[in-house]
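Student: Please take me slowly through one part of this structure, a single helix and what lies around it. After that, I would like to follow your reasoning outwards to the rest of the chain.

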Amino acid sequence: MMLQDLIQYLHRYQVSSALNPEIDSIVMDSRLAKKGSLFFCIQGYTVDGHIYAEEAIRNGAVAIISEKVLDVPVPVIVVPDSKRAMAILADIFYGQPTHKLHLIGITGTNGKTTTTHIIESIFQKHRQKTGMIGTINMKIGDQSFPVKNTTPDALTLQESFHRMVENGVQTVVMEVSSHALHMGRVFGCDFDVAVFTNLTQDHLDYHKTMEEYKFAKSLLFSSLGNAYKLQKPKFAVLNADDAASECYALSTAAQVITYGINNNSDIMATNIEISGKGTKFDLVYDNRVVPIHLQLVGKFSVYNVLAAIAASYVSNIPMETIIKVVEEMKGVPGRFEVIEEGQDYTVIVDYAHTPDSLENVLKTAKQLSRQNITCVVGCGGDRDRAKRPLMAKAAISHAHKVIFTLDNPRTENPARIFADMESGIKGHPYEIIEDRRQAILKAVNEASPGDVILIAGKGHETYQLIGDKVLEFDDRKVAREAIHAKGSS
Ligand SMILES: CC(=O)N[C@H]1[C@@H](OP(=O)(O)OP(=O)(O)OC[C@H]2O[C@@H](n3ccc(=O)[nH]c3=O)[C@H](O)[C@@H]2O)O[C@H](CO)[C@@H](O)[C@@H]1O[C@H](C)C(=O)N[C@@H](C)C(=O)N[C@H](CCC(=O)O)C(=O)O
Ligand SMILES: Nc1ncnc2c1ncn2[C@@H]1O[C@H](COP(=O)(O)OP(=O)(O)OP(=O)(O)O)[C@@H](O)[C@H]1O
Ligand SMILES: N[C@H](CCC[C@H](N)C(=O)O)C(=O)O
Ligand SMILES: [Mg+2]
């Protein structure tokens, strides 16, 4: 594509030269620039990408998008906001792939990964080729690829959509994080269905206040518009039991469909019964009542299932197919994953890393056993400090025994993380075992028949970030080792 053809889509810009090179690739990292690249200078949180313009040119870049005038020998297009320009041009460069896909975006504090997986399974059962983008991986059909972020930057994202289109994908279901919405990673995406799971405290290190966090999530719904794509209406799928939905209904011109348990909604669950064997409820929709038996456990799972049902139903998937899939769903890696090695106590690995999710999973664990619940949990470093005392409080309030341990401390001093956690729970008994392996070993060694151990915070993660080191660590493997060690001692 020629540079001038690409930049014609930008409204306000200055260009330093009339040269019109051919653009073969678009990059935001100077190290990835090659002959024919267009390089975007992005003001980052760590460094200012403008300082890498010359390196990008040395590596072959033939034009630069910048927020500043630069004295370099290739055309420089100066724009007011290079991140915004990048999202818009990425969409154009890759041939507007989201216009050719049925695109479902899911936002909310908890439940995005789980709901995304359920929706993927439903569309696959309906014989569609699917794409999926989220915390665990990016998938094209059944092939998976590693990811750095839950919602990737605009270049990676549009390139992924392009590959999906080339590979015959029809429907893409993706997690849309509040960071991504705030940083404009999804500007340029044409969503058909936007789903809201819930809003509770997290990420205040980044968004500063709950109001700003709530607003960031509203951008998914306001971006839906009321446009019809190939006669296809757009939908906002909202949780009727979460107060933030009112704001999201107001921010969208799309049709709204609600789901819920407590408040009246279009897709509703009543008569919920939770047991170790799964969860039963009556699904109420379109004046019909259908009994459902999930293998997934917990009230929070019912919410995720309802969100997935609603998103699939408005996408014209037959309800019979949807129900079959949700009843067959066994779970998502690292989400309430039961570690079954024939032991007479239960070990669960879960990704709860917010106060609300920790409270939910602990309450669910309590519904499964009358025996003691042990919670092994830590809080991530270089992340929201305000959630730490609340997570510690949730653990203390709902578990009989609590072991605080390291999650991913990253570059933060573990002592400060533990001090933040302890500030929420003065006077309650707990133990601190910094080494996560030792904490898990201890919890397992002390388990009695019928007990439940919940190892929270890292779920599917196969690493631990300590300082700038990435160490191999998988709660599920360590738990298995601990169970076997106890069994053979
Ligand atoms: C705070 C944040 O979100 N940071 C994101 C941001 O990185 P950054 O701003 O630090 O980038 P930077 O290192 O300053 O670099 C600035 C620019 O210089 C360029 N550069 C840099 C070095 C060089 O040699 N040459 C060069 O050109 C970089 O490519 C970049 O364009 O842009 C990167 C590329 O898109 C992201 O990977 C990175 O996410 C980091 C890894 C991260 O941890 N983000 C978290 C907070 C996040 O986004 N999480 C949400 C999920 C949250 C949830 O719901 O649980 C997510 O969607 O992942
Ligand atoms: N609907 C829900 N409401 C509250 N908690 C939930 C819900 N669904 C899942 N959880 C809890 O939150 C944890 C994370 O779930 P999941 O990975 O699906 O959320 P997510 O929104 O993708 O999280 P992240 O923002 O880290 O990507 C689960 O392990 C479980 O403890
Ligand atoms: N997407 C979340 C994941 C947190 C997972 C937890 N294990 C941690 O490291 O805090 C974040 O980056 O804040
Ligand atoms: Mg996720």
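**A helix with two faces, and its surroundings**

Tutor: Let us begin at Phe336, which counts as buried because 23 other C-beta atoms lie within 10 Å, and 20 or more are enough for that label. Please keep in mind throughout that this is a predicted model. Phe336 is placed in the loop between α11 and β17, a strand made of residues 337-338. Its backbone also deserves a look, since the phi angle of Phe336 is near 50°, which is a positive value in a residue other than glycine.

Going back along the chain from this loop brings us to the helix I would like you to study, α11, which is formed by residues 319-328. Within α11, the residues Ile322, Val325 and Val326 are buried. These three cover an arc of only 95° around the axis, so they are on the same side of the helix. The face of α11 that is turned away from this buried side carries Glu320 and Glu328, and both of these are exposed. If you rotate the model about the axis of α11, you can therefore look for the side with the three buried residues, and then for the opposite face with the two exposed glutamates.

What does the buried side of α11 pack against? Its buried residues pack against three elements, namely helix α4 (112-125), strand β16 (288-294) and helix α10 (299-313). Each of them leads us somewhere else in the structure.

If we follow β16 first, we come to Asn287, which lies in the loop between β15 (278-285) and β16. Like Phe336, Asn287 is a non-glycine residue with a positive phi, here of about 60°. Its surroundings are another matter, because Asn287 has 5 C-beta neighbours inside 10 Å and so counts as exposed, whereas Phe336 counts as buried with its 23.

The two helices, α4 and α10, lead us to ligand 2, because α4, α10 and α12 (355-368) are the elements that give two or more residues to the shell around this ligand. In total, 23 residues surround ligand 2, and the closest are Gly111, Lys112, Thr113, Thr114 and Ser357. The largest share of the shell, four residues, is contributed by α12. By residue type, the shell around ligand 2 divides into five nonpolar, 13 polar and five charged residues. Two of the helices against which the buried residues of α11 pack, α4 and α10, thus also take part in surrounding ligand 2.

Ligand 3 has a shell of its own, made up of Thr150, His353, Gly380, Arg383, Asp407, Asn408, Gly457, Lys458 and Glu461. This shell holds no nonpolar residues, and it divides into five polar and four charged ones.

Thr150 is worth a pause, because it has 19 other C-beta atoms within 10 Å and is therefore partly exposed. You will find Thr150 in the loop between β9 (143-145) and α5 (154-166). Apart from residues up to four places away in sequence, Thr150 touches Gly134, Thr135, Glu175 and Ser177. Ser177, in turn, sits in the loop between β10 (171-175) and α6 (178-183), and because it has 24 C-beta neighbours inside 10 Å, it counts as buried. Both residues appear in the unreviewed UniProt entry, which lists Ser30, Asn149, Thr150, Thr151, Ser177 and Arg185 under "binding site". These listed positions are spread over 156 residues of sequence, and they are spread in space as well, with up to 25.7 Å between C-alpha atoms.

The unreviewed UniProt entry also places the feature "modified residue: N6-carboxylysine" at Lys217. In the model, Lys217 belongs to helix α8 (residues 210-222), and it is buried because 25 other C-beta atoms lie within 10 Å. Leaving out residues up to four places away in sequence, Lys217 touches Thr107, Ser178, Leu181, Phe196 and Leu199.

Finally, let us step back to the whole protein, whose secondary structure comes to 16 helices and 24 strands. Buried residues make up 50% of its 489 residues. For this number of residues, a compact globule would have a radius of gyration near 23 Å, and the 24 Å found for the protein agrees with that.

Terms used:
Residues numbered from 1 in each chain as written. Chains lettered and ligands numbered in written order. Predicted model: local features only at pLDDT ≥ 70, side-chain atom pairs only at ≥ 80, totals over all residues. Near = placed C-beta within 6 Å. Nonpolar A, V, L, I, M, F, W, Y, C, P; charged D, E, K, R; others polar. UniProt positions renumbered as here; feature names shortened; annotations may be inferred. Buried ≥ 20, exposed ≤ 12 C-beta atoms within 10 Å, placed from the backbone. Contact = placed C-beta atoms within 7 Å. Arc of directions from axis to C-beta. Rg over C-alpha atoms; globule rule 2.2 N^0.38 Å.
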